[in-house]
Amino acid sequence: MNAFSTTIERLRVTPGTVGVIGSGAMGSGIAQVAAAAGHHVLLIDLDEAALDRSATALKKVMDRLVEKGRMTADEADALQGRVVRSTSMAALAPCDLVIEAIVERLDVKQSVFAEVESVVGPDAVLATNTSSLSVTAIARALEAPERMVGLHFFNPAPLMPLVEVIPALQTEPGLDAACFELMARWGKSPALAKDTPGFIVNRVARPFYGEALRMVEEGIADMATVDEAMRSVGFRMGPFELMDFIGNDVNYAVTESVFAAMYFDPRYRPSLVQKRHAEAHWLGRKTGRGYYDYREGAVRPAPVADPKLHQLIQDRILAMLINEAFDAMHMNICSEADVETAMTRGVNYPKGLVAWGRERGLAQTIADLDALSNRYGEDRYRCCPLLREAAAQEA
Ligand code: NAI
C-alpha cells in the first residue's frame with residue numbers, strides 16, 4: 001500500500017539515487033538540482049556527446065559558483081562526483097526516482113518508460129518533465145501506471161524555483177503530495193496542477209503573448225510600445241522581447257498545442273503574426289532577428305510615449321491574464337496559492353495574478369473584459385464565472 005509515496009518520503013530523508021534521462025538543457029539542470037540536494041544521480045543519454053557537453057557545462061557552473069564564493073571547491077567537487085553518466089538504461093536499476101527529460105514525443109517517451117520500468121525496482125517512482133503532453137497518456141505505457149507523476153521544471157532548472165507537480169489519472173493517491181514535499185526539500189517552489197493542457201504556467205500565460213500579438217495585428221500599438229507598457233508595470237521583459245528570447249518557433253508551437261488540446265477554444269488561438277515570423281525563420285535572439293533586429297548596429301524602434309495607450313495595453317493584457325488565473329481555479333486545475341506560486345516563481349511575474357486582480361479591483365477587470373466582449377463579440381473575451389462571483393463577494 002502506498003509503496004510509491006513511501007519511496008519518495010524516504011528520499012526526503014536519505015540520499016537515495018535519482019535517475020535523469022536526457023542530458024540536454026533540462027535534464028542537465030535537473031541532475032544538478034538533484035545532486036545539490038545530496039542525491040546520487042545517474043544521468044542517461046543515448047548520445048555520448050550530449051553527456052560530455054553536460055559534464056562540461058556542470059563544471060563551468062560549479063567553477064563560477066566557487067569563484068563567487070557560493071560554494072567551496074570541495075563542495076563543488078563532491079556535487080560533481082555525485083553525478084554519474086551513462087548511455088545504458090540498465091544503469092538506472094538502483095534508482096528510487098527517475099525523471100525523464102528527453103524529446104517531446106509521446107511514442108518515444110512511452111517506449112523509454114516501458115524500458116525503464118523493466119530495469120528499476122518495484123517501488124521506484126517514474127516522473128516526466130513533459131511540458132505539453134498528457135502525463136496520463138505517458139503513464140499508460142507502464143505495467144504500474146500508478147508510479148508515474150509529472151514533475152515539470154522550468155528552464156534553467158537550477159535557477160527557476162517552480163516545479164509543477166502533476167498527478168496522472170492513474171497516479172497513486174498521495175504520491176503527488178509526497179513529490180510536492182520532496183521538491184520543497186530540494187529548495188524548489190512546487191505547485192500542484194491537474195493533468196490538463198499547459199498545466200498552470202503554459203495555460204495562464206497565453207494572453208501575455210496572445211493579446212500583445214492581437215493588439216499589434218490590429219494596429220492598436222506597435223511592438224516596442226507594448227513591451228514598454230508591460231515593463232513599466234513590473235514585467236522583466238515585454239511580450240515581444242520575451243517571445244524573441246524564448247524563440248518564436250518554440251512559443252508558437254506551445255500556443256498551437258494548447259489551442260488544439262483545448263478543443264480550439266478561441267481564448268488560446270495562435271496568431272498569424274507569430275506564424276509568419278516563425279516561417280521567415282525570424283525566431284528571435286537565436287537567429288539574430290525576431291520581432292526585433294539583433295544584428296550588429298541595428299537600432300531598436302522607440303516606443304510611443306502616450307500614457308493613455310500604455311494604460312489601454314496594460315488593462316487589456318492584465319484583464320486577460322487575471323481572467324485566465326481565475327479560470328484555472330474555476331476548472332480545478334490548481335488552487336489560488338498554486339496559481340500565485342506558478343506565475344511568480346515560474347515566469348517571474350511581479351505579482352500573483354489573483355492578488356493583482358484584487359489590487360486593481362476585480363470589478364475593473366470584469367469591466368475591461370465586458371468592454372472587449374461587447375466590442376468584438378468574440379468568445380475569447382468571456383469573463384470567468386468565478387471572477388464574477390469573487391467580485392460580488394468583494395463588493
Ligand atoms: P534537449 O533537446 O535539450 O535534450 C534532450 C536530450 O534527450 C538530448 O540530449 C537527446 O540526446 C536525449 N534523448 C532523446 N531521446 C532519448 C532517448 N530515447 N533516450 C535517452 N536520451 C534521449 O531538450 P530539452 O529542452 O532539455 O527538453 C527535454 C524535455 O523537457 C522535453 O520533454 C521538453 O518538452 C521538456 N521541457 C523543456 C523546457 C525548455 O524550456 N527547454 C522547459 C520544461 C520542460
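Partly exposed here means a relative accessible area between the cut-offs for buried, under 20%, and exposed, over 50%. Glu 218 fits that middle class because its value is 33%. All the views below come from a predicted model.

**View 1. Arg 316 meets Glu 218 in a salt bridge.** The N to O distance here is 3.8 Å. Arg 316 sits in helix α14 (residues 307-330) and Glu 218 in helix α9, so this pair ties together parts 98 residues apart in sequence. Arg 316 is buried, at just 5% relative accessible area.

**View 2. Asp 315 pairs with Arg 360.** Their closest N and O atoms are 2.9 Å apart. It's another link between helices, with Asp 315 in α14 and Arg 360 in α16 (residues 353-360). Asp 315 counts as buried, with a relative accessible area of 18%. Elsewhere, salt bridges with shared partners build one network out of Glu 211, Arg 214, Glu 218, Arg 316, Glu 378 and Arg 380.

**View 3. Here's the largest pocket, holding about 1,200 Å³ of space.** It has 38 lining residues, and those closest to the centre are Phe 154, Asn 155, Asn 202, Ile 246 and Val 250. Helix α12 gives the largest share of the lining, five residues. By type, the lining splits into 23 nonpolar, 11 polar and four charged residues.

**View 4. A nonpolar patch on the surface brings together Phe 245, Ile 246 and Val 250.** Together they offer about 250 Å² of accessible area. Phe 245 belongs to helix α11 (residues 239-246) and is exposed, at 53% relative accessible area.

Technical notes: Residues numbered from 1 in each chain as written. Predicted model: local features only at pLDDT ≥ 70, side-chain atom pairs only at ≥ 80, totals over all residues. Heavy atoms only, no water. Patch = residues over 30% accessible without salt bridge, like charges linked within 9 Å, V, L, I, M, F, W, Y side chains within 5 Å. Areas by Shrake-Rupley, 256 points an atom, 1.4 Å probe, with all protein chains shown as cover. Salt bridge = Lys/Arg side-chain N within 4 Å of Asp/Glu carboxyl O. Helix = DSSP H or I, 4+ residues; strand = E, 2+ residues; numbered from the N terminus. Buried < 20%, exposed > 50% of the residue type's maximum accessible area, 1.4 Å probe, protein only. 1 Å grid on protein atoms, 1.4 Å probe; cavity = no way out; pocket = protein on both sides within 12 Å on 5 of 7 lines; lining within 4 Å. Points joined across faces, edges and corners; volume = space filled by probe spheres on them. Nonpolar A, V, L, I, M, F, W, Y, C, P; charged D, E, K, R; others polar.
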